[in-house]
Amino acid sequence: MRHRYNERFIASELAAFAAFFDNLDGRSLSGQQREACIRLEDNNLLIASAGSGKSATMVGKVAYVLEKKLARPDEMLVLAFNKSAADELRERIARQLKVEPDKLECRVTTFHALGRGIIQEVDGRPPQLANWVEHPAGEAKAIEEIIGELASSDREFTRLWVDLLVVHPKADIPRKTFDSEVDYQRYVTERRTRGKATIGSLAGIYVKSLQEQSIANWLWLNSVAFEYERQVEVQDAEGAVRHIHPDFYYSATHTMHEHFALDANGVSPFKDYVDHAEAKRRDYQLGQIDFFETRSAQAADGTIFEVMRAELERRGIQLAAKPYSDIAKALEPVVVKHYHQLIGTCIKHVRASHLTLDMLLQRAQSLHDKERARIFSRVVYRIAQAYSEKLVDAGRIDFDSMIADATQLVETKRYTSPYSLILVDEFQDISGPRGKLIKSLRDQKPFSKLFAVGDDWQSIYRFAGSDVTLFTRFDANFGTSWQGRLEQTYRCNQLIAETAAGFVQRNPDQLRKSVRSIRPAIPKSIRVIPIEGAKERPDFGAACLRLLSRLDVFLGSIAEQWRGTARQKLRVLVLWRYNHLDPFAGRIPAFPHIEVSALSFHRSKGLEADYTILLDISEGDYGVPSRVEDDELLNLVIPNPETFAYAEERRLFYVALTRASRGVFMLADSARPSRYIQELCEVAGEDIRFETIDGQALEQCPACRVGQLVQRKTKTGRSFVGCSQYPNCRHVVFSGKQKQNRSRAARRPPVQ
């Protein structure tokens with residue numbers, strides 16, 4: 001009965017306020033927007049799509065509530081996540097209400113300003129913030145200083161920190177957890193030699209597994225001379241000479257060291273491997289060769305280096321740890337930067353959730369690389385302690401502390417909330433502490449209502465503490481709610497909108513939406529441009545400039561179709577996953593017909609353009625998806641970790657895809673195109689166009705979808721057409737009788 005009554009009420013209000021919604025915030029609102037403005041349950045979640053007019057809906061919500069006199073202006077709180085977003089909302093609401101922004105009685109502010117205001121009202125003075133918190137890189141700098149201080153004063157911390165950086169630069173995750181062998185190879189390395197993956201080490205050699213990398217790095221750390229896979233002659237039982245290649249050879253004592261992929265039960269994931277290991281043992285015994293072995297089981301339980309130390313010292317091989325200064329010089333900056341960023345994220349969660357070291361160590365047991373997780377737990381907990389001590393010693397707080405302090409003042413009723421309607425923008429980026437502050441304000445005043453607006457497909461700030469499950473499990477976190485959707489986009493054409501929606505919804509944990517665009521589909525408006533590199537890496541900067549010039553010439557040739565008094569130039573966004581890809585070094589080129597802006601995927605959120613150019617949509621640690629950002633160590637601190645692989649990276653790519661209305665160009669390393677390109681092809685089929693940087697069409701491989709059909713030669717010199725992604729894809733095209741005879745072999749499932 002209640003449902004029927006509400007539906008009749010909505011229909012009545014839609015009719016009564018038709019003229020009101022026909023001209024609101026400078027536009028006529030859609031049916032879904034109008035319903036969202038009218039709905040006012042205790043808890044309301046509006047699930048928006050990219051470019052669907054959520055800000056206009058928030059303006060409409062405020063205007064409708066005031067028009068109906070359901071709340072006074074001073075009882076309304078509108079929260080945004082940054083000052084620029086708050087200022088824009090304030091101006092738009094004021095314009096709709098026909099008042100000056102500084103005369104607006106509704107409070108439109110950020111979480112930080114709200115927290116500061118609550119504390120100031122209770123204490124009579126604003127809280128003292130640490131001097132680093134309002135600088136964009138201030139917090140990261142403070143954490144770097146803490147690490148430096150601990151490394152110079154705390155021997156145990158230094159040992160753990162060095163082990164983490166040197167011996168455990170990446171989690172050792174079993175092959176069986178990956179969908180395919182190539183996915184595993186993609187994870188462990190960027191370098192391929194003759195189709196085989198190799199992994200670099202600080203000792204200057206390339207090894208074949210992450211466990212071998214840890215061993216090589218540990219030997220380097222302790223100044224132990226060794227050779228990798230040195231060829232050794234042995235005689236079998238019949239006296240025949242064979243050559244074997246031990247994993248590690250110590251010339252000081254002519255000792256062989258094999259690291260076997262065997263678990264605690266002596267079982268290996270590889271076929272015939274146990275027999276292979278036993279044969280090697282016999283060879284060493286027959287040749288009376290000094291030999292010892294380590295196993296994967298020891299790497300898993302953390303005892304491997306104790307075993308190695310004992311074996312080496314028993315043979316008189318001296319271990320001498322390198323000084324920290326030498327280690328710091330040898331480390332790859334990207335590894336150090338990754339751990340600094342990871343620690344910054346984890347500290348937020350450790351402090352906000354009051355996690356203890358025992359809690360972290362217990363969670364470490366659930367991760368794949370348990371030893372790395374145990375070391376990291378001790379490191380990050382010690383840094384979190386030092387960070388808190390730094391704040392206490394200075395008598396200051398940071399933003400997270402300010403939100404927590406404000407929440408406590410509300411919960412203890414030292415602060416009395418005046419708000420009966422709380423509206424929150426970008427709710428997909430909500431963090432646990434911010435969610436707690438909202439609930440405390442809502443619960444303090446009877447009959448208060450919450451209206452949250454956001455898009456879980458665009459949740460991309462986990463590193464800043466956001467928890468997307470507060471959005472996707474809204475009822476469980478905030479109570480029974482009305483949930484509506486904004487599925488009409490005013491930005492992307494229908495092809496981009498549909499393709500991006502299909503791509504992001506491959507993660508079953510994302511909420512379902514059917515996106516419709518007011519712009520008809522533009523055929524082939526998603527284009528992939530493979531770029532070849534002279535050595536290992538293509539020059540994406542040069543390719544981007546060529547593409548911009550080509551686009552400018554093309555748009556100039558059809559200027560009569562788009563140019564008007566308000567459109568002298570079309571806008572192009574050049575976007576990248578990491579800032580090291582910036583092709584312009586801060587000097588944006590000028591063109592007659594296009595206006596270019598350039599920034600990262602993250603910073604592009606909320607922006608829109610006619611065209612976007614996405615750089616380096618390729619596989620790699622710092623590619624798309626970024627492998628380093630999905631570090632399993634985050635599961636130590638995140639309350640509800642996501643299980644879908646690269647879930648946030650998928651959403652970030654969705655954000656980049658949905659900035660454009662007319663077209664998207666993706667520049668990819670021709671040797672390592674991103675798996676996301678293949679997925680887009682699976683979603684959109686032939687509507688994805690592959691072309692050269694000059695616009696010439698490329699013939700797409702029908703098997704793997706990311707390669708191109710090119711002329712290749714057999715070992716005997718005979719020409720044929722095959723996939724450019726060989727050996728990952730072995731698709732070939734033969735003619736006539738050869739095609740009939742070889743087609744079955746060619747159709748074996750490609751490795752992608």
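Buried here means under 20% relative accessible area, exposed means over 50%, and partly exposed is whatever falls in between (1.4 Å probe, protein chains only). By that yardstick Glu-35 comes out partly exposed at 24%. The model is a predicted one, so local features need pLDDT of at least 70 and side-chain atom pairs count only at pLDDT 80 or more, while totals for chains, interfaces and linings use all residues. Residues are numbered from 1 along each chain as its sequence is written, and side-chain values use heavy atoms, with hydrogens and water left out.

Glu-35 has a partner in Arg-39: the two form a salt bridge with the closest N and O atoms 3.0 Å apart. Arg-39 is buried, with a relative accessible area of 8%. A salt bridge is taken as a side-chain nitrogen of Lys or Arg within 4 Å of a carboxyl oxygen of Asp or Glu, and the structure holds 60 of them.

Next comes the sheet. Helices (H or I, at least four residues) and strands (E, at least two) are DSSP runs, numbered from the N terminus, and two strands pair if DSSP finds at least two bridges between them. Six strands make up an open sheet with parallel pairing, in the order S20-S19-S21-S22-S18-S23. At its edges sit S20 (594-600) and S23 (688-690), each of which pairs on one side only. From one strand to the next the twist averages 20°; axes are lines fitted to C-alpha atoms, for helices over the stretch in contact, and angles run from 0 to 180 degrees between N-to-C directions. Strand S18 (residues 526-531) runs parallel to S22 (residues 660-669), and six bridges join the two. Arg-527 stands opposite Phe-665 in S22.

Two helices lie across this sheet, where contact means heavy atoms within 4.5 Å. Helix H22 (residues 494-504) crosses S18 and S22, running at about 55° to S22. Helix H26 (residues 675-684) lies across S18, S22 and S23, at about 130° to S23.

H26 also takes part in a salt bridge. The side chains of Arg-506 and Glu-682 meet at 2.8 Å, N to O. Arg-506 lies in the loop between H22 and strand S17 (516-519) and Glu-682 in H26, so the pair ties together parts that are 176 residues apart in sequence. Arg-506 is partly exposed at 33% relative accessibility, and Glu-682 is partly exposed at 37%. Another salt bridge joins Asp-694 and Arg-546, with the closest N and O atoms 2.8 Å apart. Here the link is between distant parts of the chain, 148 residues apart: Asp-694 is in the loop between S23 and strand S24 (709-713), and Arg-546 is in helix H23 (residues 540-557). Arg-546 counts as partly exposed at 45% relative accessibility. Salt bridges with shared partners also knit Lys-54, Asp-425, Glu-426, Asp-429 and Lys-605 into one network.

Some backbone oddities turn up in loops. The loop between strand S21 (609-614) and helix H25 (647-657) contains Pro-625, and the peptide bond from Val-624 to Pro-625 is cis, with omega near 0°. Asp-616 lies in the loop between S21 and H25 too; its phi is near 55°, a positive value in a residue other than glycine, and Asp-616 is buried at 3% relative accessibility. Gln-288, in the loop between helix H11 (273-286) and strand S12 (291-295), likewise has a positive phi, about 50°, without being a glycine. Gln-288 is exposed, at 75%.

Aromatic rings of Phe, Tyr and Trp (its six-membered ring) pair if their centres lie within 6.5 Å; planes under 30 degrees apart count as stacked, over 60 as edge-to-face and the rest as tilted. A search of the whole structure finds 28 such pairs. Trp-218 and Phe-305 are stacked, 5.3 Å centre to centre with 20° between the planes. Trp-218 is in helix H10 (residues 210-221) and Phe-305 in helix H13 (residues 304-314), 87 residues apart. Trp-218 is buried at 5%, and Phe-305 is buried at 16%. The rings of Tyr-250 and Phe-292 have centres 6.1 Å apart and planes at 5°, so this pair is stacked. Tyr-250 counts as buried at 0%, and Phe-292 is buried at 3%.
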